[in-house]
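Please read this report with the sequence and the model open side by side. It goes through enclosed space, chain interfaces, strand pairing and some backbone details.

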Amino acid sequence: MFRPIAETRPGPSLGFTFDGRAMTARAGDTVAAALLANGVAACRQTPVSGAARGPYCMMGVCFECLVVIDGIGNRQGCLVPLREGMRIETQAGRRQPDEVRS
Amino acid sequence: MNTIAEIGLLAEHYDIAVVGAGPAGLAAAARAAELGLSVLLADESPAPGGQIYRAITTTPVADRAVLGEDYWKGGALVARLERTEAAYAPGCTVWSVAPDEAGGFELGLSLNGKARLIAAAQIILATGAQERPFPIPGWTLPGVMTAGAAQIALKSSGLVPSGRTVIAGCGPLLYLLAGQLAAAGANIVAVLDTTPRRNWLAAIAAFPDFLRSPYLAKGLRLMTQARRKLPFRTGVTALAAEGADKVTAVKAQRGGASETIACETLLLHHGVIPGINLSNAAGCAQEFDPEQHCWTPEVDDWFASSIPGIAIAGDGAGIGGAESAALRGEMAALDAARRLGRFSEAERDRRAAPIRGALARSLRGRRFLDLLYRPAETFLAPPADETIVCRCEEITAGQIRDTASRLGVTGPNQMKAFLRCGMGPCQGRLCGPTVVELIAQAHGVSPAEVGYSRLRPPVKPITLAELAALPPTDAAVKAVVR
Amino acid sequence: MSGERRSADVIVIGGGIHGCSTALHCAMRGMSVILIEKDHAGRHASGVNAGGVRQLARHVAEIPLSNASMALWHRIEDLVDDDCGFTSDGQVLVAEDEEDLGNCRARVAELTLRGFHHEELIDAAELRRLVPAVSDSCPGGVVSRRDGAAIPLRATQAFKRKAAELGAEIREGVRVTSVSRDGTNWRVGTDEGNFLSPRIVNAAGAWADRIAADLGEPVPLEVIAPMLMITAAMPAFIRPVVILRKRKLSFKQFRNGTVLIGGGYLGRAIRDENRTVLDWAKLATNAGTVWDLFPIMRAAPVVRAWAGIEARMPDDLPVFGRSAKHEGVYHQFGFSAHGFQLGPGAGAVMAEIIATGSSNVPIDGLGIARFAQPAACQRIASTTGEDR
């Protein structure tokens, strides 16, 4: 999807998982940017039809990049800074009762 | 500058609360703090700059030429704020602004999953702009993004689209982005320019003013550079994104011919419009601006809204660009200081005089761009029935047209009850203007006559647990004691 | 509609669900009708309430009207050609403890004595069958099984459309400024000129006190702004509407998964500007009640909160029926935040009273005469007002 440009300032990288897959991204990225940089196009399914959606505006307006982060759903990935060890998951339609209970 | 990392560290009360740390908010907060007022600058992003100066203090982009010299001007605005005593709360969402009963305001804020109510005597909303909705068939497919989204990825993370990339739409920001992405090494296979040819007729009258504007040299340079380097196709009249679970191609109509271009990323842009959700939900009056073709809060010469004590500075009160936004922030701060009794009207006017002059210069030529790059009707009110308009609730243009004409629905507030468009988490940010346009078309009236939705707080969702855990405010405690 | 008609058999003032329903039922009886609404139909209380179609826990004086209305709700599509989003999954009053359950038992016994059987006492097992997600500590409650919910603005507009189809003239965006006698007619002055009719219905909701005052029948009407909030779509976990007795709560999950939370916490109404201001501290208390009762809801995102502008009478009962002073004047307002369910039936009964002079549905205790003592009136009026 997205790749780093040739000339960037060097910086530390962070490890995280997306739906269980191990990934890394640059410290300072938002969750949505980290997913794009790892080739993830879709990060949620809509509650109405279940269609796949991915980040659209990257500035907190569209709510398309909603993901589950460390068990908490409905987080706007483009506004949350990535942290080491984050467990990020696809937000599947309406959330399930077990998740909600957390 | 005092950076607030936990919501408990906020004061109970500020003289001025500024919402949004783009150029308008940074300038307003800095000026107010320099005048000795207690200031809170709350911003949703992790770092200051807003969208135009996004990640100005944190960007990993090392080659200054990639983002252009205008971008790096933002650093001075942040540096100025850093020298003041202002409180700056990054990652902090303001979800409600409402008048309290003491003549001031109550703000609802969330930070790190905790919510709080605080008070401020004066409010400056500097919530900036968002990209105009660009509803075409397939625009909800993953891989279709706004041009601004790609620009944010570049500025804040040093990322560019990795595969075949198509850019579509029109407007100065589109050409700027195309140039930036090309300079950063992206594979741009087509720029599909939708500028309606007949717009030149409307815009030409505003051309003399444009000739004297700062936009001219910059604009021409951008255009010629972009045109020389990139595969431009002008006169595009219809677009559709294609693909099953992500975009694989874009279909473009030019005159009678249509062309399908394979791509992995499609970037859309039809200019920017004011972000009005917070001002609208706070009750500020707004009107339809026929030249910028968008809803805009009503403000006076000092950017004061219809609600005394709430000012709206920057692009959130009408699109004027970064330079004018910072100047408008300064003016709003001066007027807020006058309202708080720091100085007289005469003193305010004296201090504002040079700013007002610079503001007029910065806005010169704007009208030409507004008229030239106004999107064609077919992109404002999508003709294809299957086009999704409300992305959250998945409501199509056909459903909205049908409900407007068959059930006689005359406004977006009523439309919500029938179709739920605008009732999802984005609160109509991505469908509101299009819904109004479709209703207007169905009844043969102007968008101004249709009116806009009444928006409701919280303007960004908060969890029930956050709300339930709201700590009692001083005022609430007093009410109980009484 | 030509928009030119200036006189009719009946003029209805106010386009809420009550005004629209009365207009429809008058038109069904062959009367010519003009309905005058200052904004659009359902702009205020009728369009933004919780949509509860509830007989449960009503004051006995309202029950006959409520019964008449419920019969209409269950065939609403036949009446207005739109299902109004009506669903009937019952409403449940949850008892939070044994003392609460004792009160429920007494209430159901009292209703049975009066011959009403729509409320039914339930034990903990039945409560959990109906409301599986409810907190384990609740010992039982009361259910009214034919109750349900509808979509308020859609329902109100359906009544308006059907009335218009049957010939009623609907004048939206026209504000009534005065009401006065003109020979055998009533002259209704508006910002678009005068209208004449021998009969007028005051269904002006939170603005009805001004019409009543013009007619020399002042009422101690309080303007209130009950608040509601709604969450993003959640997994389906509850079908009936849930209410409480001790704490304020009304709780309803729609078929699309969103959950509506209310219960009568009041914001601030600014009646003359059509505006309301929310009180977040009270909404926090409201959210806290849900937090206690439905642990499943704790992470639900609240996406919108709002308040409608409504009329409340000091005894929480509507003003319904003939004027106490004038021939040809009828009042239908002050439903005190529970009038939505009554709309269809109240319109039918009102049309019957207008057409025939009486109705078999008892409306004792709802007349405007109960506010006629000037002293009492003044005392209450001094403690009310929208600026509190």
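## Enclosed space and chain contacts

About 210 Å³ of space lies in the largest cavity of this structure, which is a predicted model. A search of the whole structure finds 4 cavities of 30 Å³ or more. The lining of the largest cavity is made up of 22 residues, and those that lie nearest its centre are B:Pro133, B:Ile273, B:Cys294, B:Trp295 and B:Pro433. The elements that each give two or more residues to this lining belong to chain B, namely β18 (272-274), β20 (294-297), α14 (377-380) and α17 (432-443). Among these, α17(B) gives the most, with 4 residues. Sorted by class, the lining of the largest cavity holds 13 nonpolar, 6 polar and 3 charged residues.

### Interfaces of chain B

Chain B is in contact with chain A and also with chain C, and the table sets out the values for the two interfaces.

| Interface | Residues in contact | Buried area | Share from carbon and sulfur | Salt bridges |
|---|---|---|---|---|
| Chain B and chain A | 51 residues of chain B, 37 residues of chain A | about 3,700 Å² | 60% | 1 salt bridge |
| Chain B and chain C | 32 residues of chain B, 36 residues of chain C | about 2,900 Å² | 62% | 1 salt bridge |

Of the area that chain B buries against chain A, 15% is supplied by B:Met145, B:Leu159 and B:Glu394, which is more than any other three residues supply. The salt bridge between these two chains pairs A:Glu64 with B:Arg391, whose closest N and O atoms are 2.7 Å apart. Between chain B and chain C, the side chains of B:Glu101 and C:Arg268 meet in a salt bridge, with 3.9 Å from N to O.

### Strand pairing

In chain B, 5 strands form an open sheet with parallel pairing, and their order is β9-β17-β11-β12-β13. Because β9 (144-146) and β13 (232-233) of chain B stand at the edges with a single partner strand each, one side of each is left without a neighbour in the sheet. Within this sheet, strand β11 (residues 165-169) of chain B is joined by 5 bridges to strand β17 (residues 265-269) of chain B, and the two run parallel. One of the pairings places B:Ala168 opposite B:Leu268 in β17(B). In a regular strand, side chains alternate between the two faces of the sheet.

Chain C offers an antiparallel case, in which 4 bridges join strand β22 (residues 319-322) to strand β23 (residues 329-333). These strands, β22(C) and β23(C), form a hairpin with 6 residues between them, and in the turn C:Gly328 has a positive phi of about 80 degrees. C:Arg322 has C:Tyr330 in β23(C) as its bridge partner.

### Backbone details in loops

Where does A:Met58 lie, and what is notable about its phi? The residue A:Met58 is placed in the loop between β5 (52-53) and β6 (66-69) of chain A, and although A:Met58 is not a glycine, its phi is positive, at about 60 degrees.

A further backbone detail belongs to chain B, where the peptide bond from B:Pro457 to B:Pro458 is cis, with omega near -5 degrees. B:Pro458 is found in the loop between α18 (447-450) and β24 (462-463) of chain B.

Methods. Residues numbered from 1 in each chain as written. Chains lettered and ligands numbered in written order. Predicted model: local features only at pLDDT ≥ 70, side-chain atom pairs only at ≥ 80, totals over all residues. Heavy atoms only, no water. 1 Å grid on protein atoms, 1.4 Å probe; cavity = no way out; pocket = protein on both sides within 12 Å on 5 of 7 lines; lining within 4 Å. Points joined across faces, edges and corners; volume = space filled by probe spheres on them. Nonpolar A, V, L, I, M, F, W, Y, C, P; charged D, E, K, R; others polar. Pairing = 2+ DSSP bridges. Contact = heavy atoms within 4.5 Å. Buried area = accessible area lost by both parts, 1.4 Å probe. Salt bridge = Lys/Arg side-chain N within 4 Å of Asp/Glu carboxyl O.
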